[in-house]
Amino acid sequence: MADQITLPCVLMRAGTSKGPFLHARDLPPPGPERDAMLIRLMGSPDLIQIDGLGGSRPITSKIAIISPSARDDADVDYLFAQVDIDSASISYSGNCGNISSGVGPFAIDEGLVPGTGPTTQVRIYNVNTDKILTAIVPVADGRARVTGDFTIPGVPGTGAEIVLDYTATTGAKTGRLLPTGAAENVLTLEDGRRIRFTLCDMGNPCVWVPAEDLGMEGIELAAQIDGDPALLATVHEIRGKVAVAGGMIARWQDVDLGLPMLGIVSPPQRYTTSDGAIVTADDIDLCVRLLFMGRMHESLAGTSSVSVAAASRIPGSTVAQAARIADPKRLRAGHPLGSMPVTVVAKSDSTGGITFTSVGFSRTARRLLAGTAYLPA
């Protein structure tokens, strides 16, 4: 078409997120031209992204860019892009755990990695964080298997279980598990309030704040959180000041919408999910409400689940203080749509530090469409 350009595209649902999966070879090199192309592909800036592939929510305004890896320790390189909805901006500041679950199936189905055996291990180099993660993908007849009996809250039905190992992602953004050097810290807001927090950088750097410090129960849903501009302003300030404390930025006012993410934690308690189900205190080890891109996350981001699980094993952290651990090898995080189990195995070393031997979670993913995307020339 004379007035449109074409772009090969695979649309995938990966975990509780959705977005285009693209080959790097089909895109311009990194820079303003590629950024503009990806922003236009999603239909931003527009609150409903009506003229693009975005779905008007942060969890549906994501892109994965995949290429064969030249590294000895990886099969594919994966760059994650978060496209803002109401502005013409794009961020590559961190990874997305849910989108990550689609990388292995995409690599197998696109012929980048041979699909062999009942499961295939795909070693993924995440360009955003300079870290390696591993996906164990069920395979049938050389392609990623879709059907199975694994369920995740927030996704209807069942699917084939994809196991993601994030053990090697400690210090994903800052190079340190605890960028501030302490398990618990205290910051003072502009209005004089003092807020306790833990900044844990595994998977992605996330700030974990006790609900009581914000005057919350910790089981609020989107209508209460997103409809409270004072709370959102407080969250923005906390994120900014924690980013300064962790050496991520120089001025707290310069914090962007992406990282660090902020989670509100509280002890396990009974609550009603966004879709009307009941979660009891016995079903979970911890209540979590995650703030992402200026609003409450519908469930729990994959990378933040890794961060909160790691923090739950750090003595004295805000997460460890709130959690009631039932299984020493697992954390059950209660989020707005239910419970997410995260594998976490840690041990103390001779210096009192923490070493993680296993951190990860399971997701499902499904190819929804493969074809050609069109963008105005």
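**Exercise 1. Is Ser-17 buried or exposed?**

Solution. Two ground rules come before the steps. This is a predicted model, in which local features need pLDDT of at least 70, side-chain atom pairs count only at pLDDT 80 or more, and totals for chains, interfaces and linings use all residues. Residues are numbered from 1 along each chain as its sequence is written, and side-chain values use heavy atoms, with hydrogens and water left out.

Step 1: fix the cut-offs. Buried means under 20% relative accessible area, exposed over 50%, and partly exposed in between (1.4 Å probe, protein chains only).

Step 2: read the value. Ser-17 has a relative accessible area of 2%, so Ser-17 is buried.

Step 3: place the residue. Ser-17 belongs to strand β2 (residues 17-23). Helices (H or I, at least four residues) and strands (E, at least two) are DSSP runs, numbered from the N terminus.

Step 4: list the partners. Contact means heavy atoms within 4.5 Å. With neighbours within four places in sequence left aside, Ser-17 is in contact with Met-12, Ile-59, Lys-62, Cys-96, Asn-98 and Ile-99.

**Exercise 2. Describe the chain as a whole.**

Solution. Step 1: count the elements. The chain has 7 helices and 21 strands.

Step 2: test compactness. The radius of gyration is 20 Å, close to the 21 Å that the globule rule gives for 377 residues, so the chain is as compact as a globular protein of that length. The radius is taken over C-alpha atoms, and the rule is 2.2 Å times the number of residues to the power 0.38.

Step 3: box the chain. Along the principal axes, the C-alpha atoms fill roughly 60 × 45 × 45 Å.

Step 4: check burial and contacts. Of the 377 residues, 54% count as buried. Among contacts with a separation of 6 or more, 62% come from residues 24 or more positions apart.

**Exercise 3. Which domains does the assignment give, and where does the largest cavity lie?**

Solution. Step 1: take the bounds. Domain 1 covers 4-165 + 364-376, and domain 2 covers 185-336. Such bounds come from an automatic or database domain assignment.

Step 2: relate the two. The C-alpha centres of domain 1 and domain 2 lie 26 Å apart. Their contact takes 17 residues from domain 1 and 16 residues from domain 2.

Step 3: define the void. On a 1 Å grid over the protein atoms alone, a cavity is a set of points where a 1.4 Å probe fits but cannot get out; lining residues have an atom within 4 Å of a point. Grid points are joined across faces, edges and corners, and a volume is the space filled by probe spheres set on the points.

Step 4: size it. The structure holds 1 cavity of 30 Å³ or more. The largest cavity has a volume of about 130 Å³.

Step 5: read the lining. There are 16 lining residues, and Phe-80, Gln-82, Gly-94, Asn-95 and Phe-292 lie nearest the centre of the largest cavity. The lining divides into 7 nonpolar, 8 polar and 1 charged. Here Ala, Val, Leu, Ile, Met, Phe, Trp, Tyr, Cys and Pro count as nonpolar, Asp, Glu, Lys and Arg as charged, and the others, Gly among them, as polar.

Step 6: locate it. Both domains give residues to the lining, so the largest cavity lies between them.

**Exercise 4. Examine helices α1 and α6.**

Solution. Step 1: take α1 (residues 32-42). Its buried residues are Arg-34, Met-37, Leu-38, Ile-39, Leu-41 and Met-42.

Step 2: find the cover. The elements over these residues include β1 (4-14), β4 (76-83) and β21 (365-376).

Step 3: step past the end. Just after α1, Gly-43 has a positive phi of about 90 degrees.

Step 4: take α6 (residues 302-311). Here 10 of the 10 residues are buried, so α6 is largely enclosed by the rest of the structure.

**Exercise 5. Find the unusual backbone geometry.**

Solution. Step 1: recall the background. Most residues other than glycine have a negative phi, and most peptide bonds are trans.

Step 2: find the cis bonds. The peptide bond from Ser-44 to Pro-45 is cis, with omega near 0 degrees. Pro-45 sits in the loop between α1 and β3. Leu-259 and Pro-260 are also joined by a cis peptide bond, with omega about -5 degrees. Pro-260 lies in the loop between α5 (229-245) and β13 (261-266).

Step 3: find positive phi. Ser-56, not a glycine, has a positive phi of about 75 degrees. Ser-56 is in the loop between α1 and β3. Its relative accessible area is 24%, so Ser-56 is partly exposed. Asp-130 has a positive phi near 60 degrees, and lies in the loop between β6 (119-126) and β7 (131-140).

Methods
On a 1 Å grid over the protein atoms alone, a cavity is a set of points where a 1.4 Å probe fits but cannot get out, and a pocket is an open set with protein on both sides within 12 Å along at least five of seven lines; lining residues have an atom within 4 Å of a point.
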